[in-house]
Amino acid sequence: MTPDQLQTEVVRKYTEFVNPYLAKLMNFAGFGVEMEASGCIIRDQDGTEYLDFLGGYGVFSLGHRHPVVIQAVKDQLERMPLSGKTFFNKNQADLAEALAQVTPEGLQFTFFSNSGAEAVEAALKFVKGSTGRSKIVSTHGGYHGKTLGALATTGREKYRKQFEPLMPGVEFVEYGDLDAARAAIDEHTAAFIVETLQGEGGIHVPPHGYLSGLRERTREVGALLIADEVQTGLGRTGKMFGCDHEGVSPDILTMAKALGGGVMPIGATSFTAEIGEKIYKQNPLMHTSTFGGNPLACAAGLATIRVVQDEGLVERSAEMGEKMMLGLREIQARHDLLSEVRGQGLMIGVEFAMDEVGELAIAQMVKRGMIAAYTLNNPRVIRLEPPLIVTEAQIDRALGILDEAVTETEEILAAFA
Ligand SMILES: *Cc1c(COP(=O)(O)O)cnc(C)c1O
């Protein structure tokens, strides 16, 4: 089979058996078939190399196939990949301990699952179960997953409408508006759920004091604070956790994307001893998952935390993020089509001054060997989340490609004007 035939076959099967409309969308952006990856590079069916500056929406913080994580998973694979479910599992014990050490103070126990949405589902059950309250306050543009419970807290009409009624009792306020949050959080509120930097909503960094203000208000009325760090966790924003930018300790912190080291899927919900007491005392099996906390995923998680620490990836994220932000601001100054560059660490958004051009610009980048994506809840914003191991040379190359892609997008728009 030639590479062209392989691509045709895969696209045909997507169209016939997976999702025809998604197939069309991916085809338009110019994506081929992924075959192989390492570090910051993905190779397609032709052997063409792409700089991965999307990083799986934050999954590939360690890059693709980090050797330490691969080895840990291989070792476990040879011994016992999945849990027998009745014995103690050492990997789960070790990872839960490591998470208690690296997460903000007070987060004691961890429930393991397989994805970000599942981590949020657990958080929602824990806050309702432990407070006896049912009201949840979330943010417009907030993204917490697409399963029914998580979706009820996801702040975008487009993904919710067709499935209503969703879980009742959820209210939305503007992200970053502390006064609005204060007014919405009351004695009936079980929890405020918030991303420490709004990702899918368009890469919005909250004003300083927002997170600590939320912490203060939730405490005042006996409500809980859920920090959804599924995307921001483990160094992405230049701190180990987004909460660390303000020294805030939430009652519950969710993680997923980067935790599996880009090798295994895993979700984790860390919470206080107080919540643990209220949920588990009456029934240790109150919330469970067959595959959650499996030995392979936990081996990957443990190796990931070690790599993040040993390779100084949190500091690296802050440093490389600053370099990239500077370069992007220079590019922005040369293009009227770009209205803003914002972000924290290596979680960066580039906003276009017009709707519907993000997709066009991304197609231009793909053509030149670089992968980026727009944000789910805000198609005006291109998001850049390269692996934290990205080199300065790779950043320079990506900046050059982005500059050219925006120039060509402007030329295409001018031709149509
Ligand atoms: C991606 C994401 C989720 C959902 O995770 P899935 O693994 O896709 O279910 C939840 N919250 C945030 C902040 C995310 O970025």
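For sorting residues here, Ala, Val, Leu, Ile, Met, Phe, Trp, Tyr, Cys and Pro count as nonpolar, Asp, Glu, Lys and Arg as charged, and the others, Gly among them, as polar. With that in hand, the shell around the ligand divides into three nonpolar, five polar and three charged residues. Keep in mind that this is a predicted model.

**Around the ligand**

Who sits in that shell? The residues are S115, G116, A117, Y143, H144, G145, E195, D228, V230, Q231 and K257. Going by the sorting rule, A117, Y143 and V230 are the nonpolar ones, while E195, D228 and K257 carry the charged label. That leaves S115, G116, H144, G145 and Q231 on the polar side.

Here are some polar contacts to the ligand:

| Residue | Protein atom | Ligand atom | Distance |
|---|---|---|---|
| G116 | backbone N or O | oxygen | 2.8 Å |
| Y143 | backbone N or O | nitrogen | 3.2 Å |
| Q231 | polar side-chain atom | oxygen | 2.7 Å |

So far as cover goes, the ligand has 380 Å² of accessible area on its own, and the protein covers 81% of that.

**A nonpolar patch at the surface**

Now over to the start of the chain. Y14, F17, V18, L22, L25 and M26 together make a nonpolar surface patch of about 550 Å². Two elements, α1 (3-18) and α2 (20-29), each give two or more residues to this patch. Take L25, which sits in helix α2. L25 counts as partly exposed because its relative accessibility is 42%, and partly exposed covers the range between under 20% (buried) and over 50% (exposed).

**Backbone oddities**

Most residues other than glycine have a negative phi, and most peptide bonds are trans. A few spots in this model go the other way.

One is the peptide bond from E164 to P165, which is cis, with omega near 0°. P165 belongs to the loop between α8 (157-160) and β6 (170-173).

Then there's R65, a non-glycine residue with a positive phi near 55°. Look for R65 in the loop between α3 (55-58) and α4 (67-79). Is R65 partly exposed or buried? R65 is partly exposed, because its relative accessible area is 49%.

E356 also has a positive phi, about 65°, despite not being a glycine. The loop that holds E356 runs between β12 (347-352) and α14 (358-367). With a relative accessible area of 68%, E356 is exposed, because the exposed class takes anything over 50%.

Definitions and conventions:
Residues are numbered from 1 along each chain as its sequence is written. This is a predicted model: local features need pLDDT of at least 70, side-chain atom pairs count only at pLDDT 80 or more; totals for chains, interfaces and linings use all residues. Side-chain values use heavy atoms; hydrogens and water are left out. Patches are made of residues with over 30% relative accessible area and no salt bridge: like charges are joined within 9 Å, nonpolar side chains (Val, Leu, Ile, Met, Phe, Trp, Tyr) within 5 Å. Accessible areas come from the Shrake-Rupley method with a 1.4 Å probe; for residues, only the protein chains shown count as cover. A salt bridge is a side-chain nitrogen of Lys or Arg within 4 Å of a carboxyl oxygen of Asp or Glu. Helices (H or I, at least four residues) and strands (E, at least two) are DSSP runs, numbered from the N terminus. Buried means under 20% relative accessible area, exposed over 50%, partly exposed in between (1.4 Å probe, protein chains only). A residue is near a molecule or strand if one of its heavy atoms lies within 4 Å of it. A polar contact is a pair of N or O atoms within 3.5 Å; within protein, one must be able to donate a hydrogen and the other to accept it, and residues adjacent in sequence count only if both atoms are side-chain atoms.
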